[in-house]
Amino acid sequence: MKKNILLYILILLAIFAVFIFQNKKPADDNKKTVVFWTLQLGTFDKYINNIITEFENQNPDIKIKWVDIPYSEGEKRTLAAILTDNPPDLINLTPDFSLMLAQKNALYTIDKEYLENYLPSLLEILKYNDNYFGIPFYATSAITLYNKNLISQNPHKQLPKTYEDLFNLKLSADSKYYITMLNLSENDTLLKLLNKYNINTPESLESEKSIKLFNELKRIYQQKLIPLESLTQTHRDSLEKYMSGQIAFLITGANFLNMIKENAPDVYKSTGMLPQLTGDTGCYDYSLMNFAVPKKAANPKEAVKFAIFLTNKDNQLEFAQLTPILPVNKYALANEYFKDNSKQFKTDSEYLTYLLSSDKTPEVKARMISAIQLNKIQPPLKNIKNKKDLNTLSANYIQDILINNAPVQETLKKFAKDWQEL
């Protein structure tokens, strides 16, 4: 009898133990998991995984699940995910696409207190209805490269600082190269050029200044100072033409210097450098990548916390040393890696002159010139809905003016009307 009772007790204890084991939550169940998406950053897996490990060690209640997706699928997959009730918590996006989501009330609003360490000028592009919809990730700002060998064939009194300077350069009749290639139908290239002249509204599009600028574009196109493919090909094609000695000036990112060095060493050796060409505002444009938090994110506060950690001074500096990007963290940008602190300069112009004449390598010059340009950037085009439609409009109208020889003033009037309707 005693043996039966003992056996019965043991069976009950075993059943109880199994029940407890099956219903016991794993240790990680007490953690909040932040699902984190990036755009084609898999080659930096060691850097990102180290940051994740460090963050998780400092925040034992948070787990980061990193997913890297192809750049070409970013918008499509993000849109599909946001339409569900279980989107990622933190997504690497472009400001234009983030803006579209913000306009649809699909993004979490970022409190201004979290954004104090970023360059204030960069934050404006992440603002809609006085609310911030994103956190800056990294930036780039194009520079101007030029082929000294080509320039020597047509000596110029002064190298260009503005687009007007560039358009007014003279080429001899037997020149076998073009001044530049502008990619006027690619994305928002034309809109950025116009914005450097404060031509950024339907009203300003019809101004005398705008008409004059479009007439200049028409002239250099008709005189074949730029390739006819300027309206059909991309920036990558412009780079190929520069490397093959077909164009004298190339406005491009510092990241392409290595490609020129590897694929066209002779052109690289003869390459000079200038700041990015400006319009009459004297300001520079830039490109930005950012993080956004979907409104339906399960852990928005933890996502913001991780994004702030990922873009702190030390992590930004390390990332910039791995790839030619510019930090958006103002303390990282002030590091000597981006700024020559050995001398004091009264103005940015004086500092740029010093950089251009120094014996620094082209890569160092490009990095420092790009960094200083972020101190004087052109305010972005006013945030509007249907930005992609505006890009399409600008491409269609510049093609009509240059290819079909449409009258400039009349065409700009139509362009302004269509822009107004957007």
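Which residues in helix 10 meet which residues in helix 19? I put this to the structure, which is a predicted model.

**Entry 1: the helix pair**

I looked up the contact and found Phe 214, Leu 217, Lys 218 and Tyr 221 on the side of helix 10. From helix 19 the partners are Ile 398, Ile 401 and Leu 402. I then sorted this contact by class and noted six nonpolar residues, one charged residue and no polar residue.

**Entry 2: geometry of the pair**

I recorded that two packed helices are described by the angle between their axes and the distance between the axes. For helix 10 I took residues 208-222, and for helix 19 residues 387-402. Their axes come within 9 Å and cross at roughly 55 degrees. Angles from 65 to 115 degrees count as roughly perpendicular and those under 35 as roughly parallel; helix 10 and helix 19 are therefore oblique to each other. I also noted the hand of the crossing: helix 10 passes helix 19 in a right-handed sense.

**Entry 3: the second largest pocket**

I turned next to the second largest pocket, which holds about 440 Å³ of space. Its lining comprises 18 residues, and I listed those closest to the centre as Lys 161, Pro 275, Tyr 284, Ser 349 and Leu 352.

Which elements give two or more residues to this lining? I found helix 17 (348-357) and helix 18 (362-373). Helix 17 gives the most, with five residues.

Finally, I sorted the lining of the second largest pocket by class and recorded eight nonpolar, seven polar and three charged residues.

Definitions and conventions. Residues numbered from 1 in each chain as written. Predicted model: local features only at pLDDT ≥ 70, side-chain atom pairs only at ≥ 80, totals over all residues. Heavy atoms only, no water. Axes fitted to C-alpha atoms, helices over the stretch in contact; angles between N-to-C directions. Helix = DSSP H or I, 4+ residues; strand = E, 2+ residues; numbered from the N terminus. Parallel < 35°, antiparallel > 145°, perpendicular 65-115°, else oblique. Left-handed = near helix turned anticlockwise from the far one by under 90°. Contact = heavy atoms within 4.5 Å. Nonpolar A, V, L, I, M, F, W, Y, C, P; charged D, E, K, R; others polar. 1 Å grid on protein atoms, 1.4 Å probe; cavity = no way out; pocket = protein on both sides within 12 Å on 5 of 7 lines; lining within 4 Å. Points joined across faces, edges and corners; volume = space filled by probe spheres on them.
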